[in-house]
Amino acid sequence: MLDTQVSLSGGVLTLTATRLSESTEESPSEPKAPIWYNSGAVFAKEQILINDQFPEYDIEGEFRTQTGLGIWPAFWTTGIAPNWPPESDILEYVGDSTNLFNTWTKEAGENDPAERYELSGHDPGTWHRYRLWMEKDGDDVILDYYFDYGENDGWKVTHRGVGWAGIPQYLIMNLQMGSWASQIDKNDPLWSRQPGPSGNTTFQARNVWVGRTRNW
């Protein structure tokens, strides 16, 4: 992830992933896949913290992205180390054109989302609005996911973030490439080359909004 792969023009934020001519290093994180792309990521300056002072958050934006084998764009929240979960995937395409609304909670296994809603039948390459409404409920957080909010309401599913209240989270937009989105594992002969698009791949955002309510 390099800042040179992030650009802003005309109110549109663009993350660009560029295929390298060769791979000279591997990811430090499991599954330690060979790195075949330079790409970009951005973090919100302030963290998400749902508590009695700020019990509700509204996160939304318009996005369009290329999808397909090897492409893994995401707009998401995640607990700040060492706290994981929580994690909420507001936009996530992993190697195909199905968006995943995922909610990972303390009741989930390390590799299994507690709740998942798959959304298909749309073109991710055109502008769509994605929204997450978060509301404190005791020690938990209720999460309402919306798609194309404002057009026939847009609500899709409600999840529960178990034990999320009071845990700070990052808000991230990033464009990962290869690895899980390549649908291959370390035993596959193609592992060393991490199949994916040649040239440039883009993930774009506009009209991103984060708001919260306050109890005085």
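This is a short talk on one residue, the core around it, and a few backbone oddities in a predicted model.

Okay, let's start with Ala-205. You'll find it in strand β14, which runs over residues 200-213. Is it buried or exposed? Ala-205 has 3% relative accessibility, so it counts as buried, the cut-off being under 20%.

So what does it touch? Leaving out anything up to four places away in sequence, Ala-205 contacts Gly-11, Val-12 and Leu-13, then Glu-62 and Phe-63, and also Trp-127 and Met-173. One distance, if you want to find your way around: from Ala-205 to Arg-131 it's 13 Å, C-alpha to C-alpha, with their positions 74 residues apart in sequence.

Keep an eye on two of those partners, Phe-63 and Met-173. The largest nonpolar core has 33 residues, and both of them are among those with the most contacts inside it, along with Phe-75 and Met-134. Which elements give two or more residues to this core? That would be β2, β5, β6, β7, β10, β11, β13 and β14. As a general point, nonpolar side chains in soluble globular proteins tend to be buried together.

Let me stay with Phe-63 for a second. Again skipping neighbours within four places, Phe-63 is in contact with Phe-75, Leu-91 and Met-173. From the stretch 126 to 130, its partners are Thr-126, Trp-127, His-128 and Tyr-130. And then there's a set with Ala-205 in it: Phe-203, Gln-204, Ala-205 itself and Val-208.

Now for the backbone. Most peptide bonds are trans, and most residues other than glycine have a negative phi. Here are some that go the other way.

In the loop between β6 and β7 we have Pro-82, and the bond into it from Ala-81 is cis, omega near 10°. Pro-85 is in the loop between β6 and β7 too, and the Trp-84 to Pro-85 bond is also cis, with omega about -10°.

Then the positive phi values. Gln-183, in the loop between β13 and β14, has phi near 60°. Asn-207 has a positive phi of about 50°, and this one is in a strand, β14, which takes us back to the strand of Ala-205.

Buried or exposed, then, for Gln-183 and Asn-207? Gln-183 comes out at 56% relative accessibility, so it counts as exposed. Asn-207 is at 51%, and the cut-off is over 50%, so Asn-207 counts as exposed as well.

That's me done, happy to go back to any of these on the screen.

Notes:
Residues numbered from 1 in each chain as written. Predicted model: local features only at pLDDT ≥ 70, side-chain atom pairs only at ≥ 80, totals over all residues. Heavy atoms only, no water. Helix = DSSP H or I, 4+ residues; strand = E, 2+ residues; numbered from the N terminus. Buried < 20%, exposed > 50% of the residue type's maximum accessible area, 1.4 Å probe, protein only. Contact = heavy atoms within 4.5 Å. Core = buried A, V, L, I, M, F, W, Y, C linked by side-chain atoms within 4.5 Å.
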